[in-house]
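Let's take a stroll through this one, sheets to start with and empty spaces after that. Have the coordinates open as you read.

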Amino acid sequence: MTSPLQQKIKITGPSVITANRTWDGAVIYRDGQHGWTTDLSSAAVVRTADDARALLTESTADDVGAIGPYIAPVDVKDDGTIEPGNLREQIRRQGVTIDLPVPA
Amino acid sequence: MYAYDEIDRTLINERVSEFRDQVKRRLSGELTEDEFKMLRLMNGVYLQLHAYMFRVAIPYGTLSADQMRKMAHVARRYDRGYGHFTTRQNIQFNWIKLADLPDALEDLAKVGIHAMQTSGNCTRNITTDQWAGVAPGEVEDPRIWCELLRQYSTMHPEFSFLPRKFKFAITASAHDRAAIKVHDIGLRLHKNDGGETGFEVLVGGGLGRTPFIGKTIKPFVPGRDLLSYVEAILRVYNQYGRRDNIYKARIKILVHELGIEKFAAEVEDEWLAMRDNALTLDDEVVEDIRSRFTYPHYKQLTDLPDELKAASADPHFEAWRLNSVAPHRRPGYSIVTLSLKPIGGPPGDATADQMDAIADLADKYSFGEIRVGHEQNLALPHVAQRDLPALWRALDKIGVATPNVNLVTDIIACPGLDYCSLANTRSIPIAQELTRRFANHDTANLIGRLHVNISGCINACGHHHVGHIGILGVEKNGEEFYQITIGGRADEHAVVGTLIGPAVPYADVADVVEDIVEAYLALRARPDELFIDAVKRLGVEPFKERVYATR
């Protein structure tokens with residue numbers, strides 16, 4: 001039986017844990033080696049609520065490295081490519097959808 | 001310009017050292033994010049989608065050329081070469097690294113700039129008319145009172161942890177350019193029948209998910225009692241404002257739930273018990289603040305000099321002059337608005353190179369002073385009319401002379417989902433598309449004054465409720481949709497706009513705005529009937545019919 005103190009988590013499909021890196025705020029994803037990556041394709045993908053909870057718990061414990069970890073939906077294509085599951089995550093991954101006033 | 005004294009300089013420098021230590025402890029893990037979050041917010045540091053965002057205060061919208069150069073320096077050295085001017089006389093840097101923030105703050109402190117109280121549940125940057133001190137017909141320079149309130153509220157121990165953020169705005173002109181009716185406290189400086197200067201005090205205005213227009217709580221509070229009366233309001237709010245629900249914590253909800261009469265009675269009781277205390281402002285104190293504001297040594301000039309008459313033959317110059325140049329209280333001088341709304345550009349952004357160039361032009365043509373308005377444009381407040389042609393050519397070269405001030409392409413927009421962690425939808429691309437649709441100056445001019453405001457979520461940072469045309473982004477099943485309101489305004493006749501119908505998809509927004517504008521052009525009673533007046537006369541139905549008849 002689930003403890004009433006345990007966080008209720010629902011996921012409706014493949015998901016990753018994402019956060020922002022503490023020193024510069026960059027978008028990061030939890031990888032499968034207990035670390036973080038800026039590359040979504042290297043992120044650990046979870047498919048069950050239990051796996052999501054475990055990965056989120058591990059991510060949240062790293063308060064020095066990351067801010068505000070949360071579960072984000074992804075699409076896993078037939079060839080294994082991982083794509084963001086909504087517009088917000090798409091923008092977080094790709095950057096702003098406009099030209100910046102000063103080109104990078 | 002106001003000259004900070006030693007107390008201000010010490011305070012700002014101490015704050016830099018304090019924040020440097022806090023950042024160091026955060027990066028070493030000595031402080032958790034939970035512990036650090038409030039500390040960074042008190043210094044204007046948010047975490048957005050891609051990076052930290054650093055919000056810097058521009059008290060009462062006044063910047064010196066040197067301060068502007070320092071903003072350019074911060075943009076160039078610590079960010080990505082640009083900054084974003086906001087609707088509350090702040091500038092935001094969108095890509096700053098936490099590790100660099102103490103150095104950026106230290107650099108800004110060298111010119112008296114800081115980020116205190118640009119976030120958090122405290123009194124925020126006090127804002128006012130960007131034409132303060134130079135607008136014809138003004139009662140007096142409202143920045144003197146802004147500065148008094150700034151000194152009073154900065155790090156005020158009793159009001160550093162209010163139920164929610166708290167925003168003041170002050171105007172001293174008949175035409176309200178500071179949007180005082182949509183602030184927690186709005187102050188209208190005026191004179192009573194006896195010739196005494198004081199304030200009409202409005203409370204409970206605000207936008208966000210529950211928009212309210214501020215209500216007058218007291219028609220006249222003498223200047224000497226301003227701080228004690230404000231303190232009474234803040235005390236009542238601090239005591240009764242809700243802390244259990246963030247969405248009901250602003251003073252506007254308290255005023256609404258108590259009713260303005262009951263709220264006013266509570267404030268009056270509080271005020272009568274403490275009005276003659278240390279907060280009473282004697283003339284000496286006010287004069288001391290006033291004396292620290294320096295004004296230019298204007299020359300004796302006359303209006304319409306020959307240089308201006310000659311230049312008016314150039315239709316491009318004349319289009320800009322008619323749109324962007326306003327009368328000044330001194331003969332021979334003008335107030336010049338610099339449009340930060342280029343066609344196809346993000347509203348309110350300025351590059352570091354533009355900021356440096358504007359600073360140089362301010363030195364050359366405006367006694368080294370620049371203003372920031374809530375419409376996300378800048379102004380040079382003291383330009384000799386004979387210099388207008390040369391200034392125009394220089395402004396045009398750096399892309400800030402688009403003659404669209406107050407026209408349909410002078411759009412107020414929040415950063416939206418491109419930057420903001422709260423947003424549901426994008427704002428900037430909508431604004432960009434609209435500016436392209438209405439890029440033709442003759443068309444925009446024919447339409448006349450029309451304010452379009454865009455917010456990417458219900459928090460309403462783009463003030464969509466008070467746009468003549470308001471656009472609010474809402475997310476539906478993962479798609480961007482936009483609700484359209486018309487008839488809102490933020491001036492002395494402030495009113496919240498009316499929703500015209502169901503939200504429309506992202507791809508349709510510009511078409512819908514075009515439909516609304518076309519309906520207005522067809523329905524207006526005469527060429528000089530403004531859009532906002534036509535909506536007031538006609539109601540929303542004709543516009544609704546036009547928009548939804550084929551959708």
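## Helices over the chain B sheet

Helix α6 of chain B, residues 226–240, lies across β7, β8, β9 and β10 of chain B, and its direction makes an angle of about 150° with β10(B). Keep in mind that this is a predicted model. Its scores are ipTM 0.93 and pTM 0.96. For chain B the mean pLDDT is 97, with 100% of the residues at 70 or more.

Helix α5 of chain B (residues 143–153) also lies across strands of this chain, namely β6, β7, β8 and β9 (197–203), and runs at about 160° to β7(B).

So what order do the strands under discussion take? In chain B they make an open sheet of five, ordered β6-β7-β8-β9-β10, and the pairing is mixed. Why does one side of β6 and of β10 in chain B lack a neighbour in the sheet? Both β6 (127–128) and β10 (215–222) stand at the edges with a single partner strand each, so one side of each is left open.

Further in, β7 (residues 168–171) and β8 (residues 185–191) of chain B pair in the parallel sense, over four bridges. If you want a spot to click on, T171(B) has R188(B) in β8(B) as its bridge partner.

## The sheet in chain A

Chain A has two helices and five strands. Along the sequence they come as β-β-β-α-β-β-α. Its C-alpha trace spans about 55 × 35 × 25 Å along the principal axes.

Here too there's an open sheet of five strands, this one with antiparallel pairing and the order β3-β2-β1-β4-β5 in chain A. The edge strands are β3 (36–37) and β5 (82–84) of chain A, each pairing on one side only. At the β3 end, β2 of chain A (residues 27–30) and β3(A) pair in the antiparallel sense over two bridges, with W36(A) in β3(A) as the bridge partner of R30(A).

Helix α2 of chain A, residues 87–94, lies across β1 (15–21), β2, β4 (66–76) and β5 of chain A, at about 110° to β5(A).

## Empty space

Now for the gaps. Rolling a probe the size of a water molecule over the atoms shows where empty space is left. How many cavities of 30 Å³ or more does a search of the whole structure find? The count is five.

Here are the largest cavity and the second largest pocket, side by side:

| Space | Volume | Nonpolar lining residues | Polar lining residues | Charged lining residues |
|---|---|---|---|---|
| Largest cavity | about 120 Å³ | four | six | two |
| Second largest pocket | about 590 Å³ | 13 | 13 | eight |

The second largest pocket has 34 lining residues, and H175(B), E375(B), N406(B), R449(B) and H451(B) lie nearest its centre. Several elements of chain B each supply at least two residues of this pocket's lining: helices α11 (315–324) and α17 (531–538), plus strands β11 (325–327), β15 (378–384) and β17 (452–455).

As for the largest cavity, its lining includes A57(B), P59(B), H114(B), M116(B) and Q117(B). T123(B), R124(B), N125(B) and I126(B) line the largest cavity too, along with R150(B), S153(B) and T154(B). There's a link back to the sheet helices here: R150(B) and S153(B) are among the lining residues of the cavity, and helix α5 of chain B covers residues 143–153.

Methods:
Residues numbered from 1 in each chain as written. Chains lettered and ligands numbered in written order. Predicted model: local features only at pLDDT ≥ 70, side-chain atom pairs only at ≥ 80, totals over all residues. Heavy atoms only, no water. 1 Å grid on protein atoms, 1.4 Å probe; cavity = no way out; pocket = protein on both sides within 12 Å on 5 of 7 lines; lining within 4 Å. Points joined across faces, edges and corners; volume = space filled by probe spheres on them. Nonpolar A, V, L, I, M, F, W, Y, C, P; charged D, E, K, R; others polar. pLDDT = per-residue confidence, 0-100. Pairing = 2+ DSSP bridges. Contact = heavy atoms within 4.5 Å. Axes fitted to C-alpha atoms, helices over the stretch in contact; angles between N-to-C directions.
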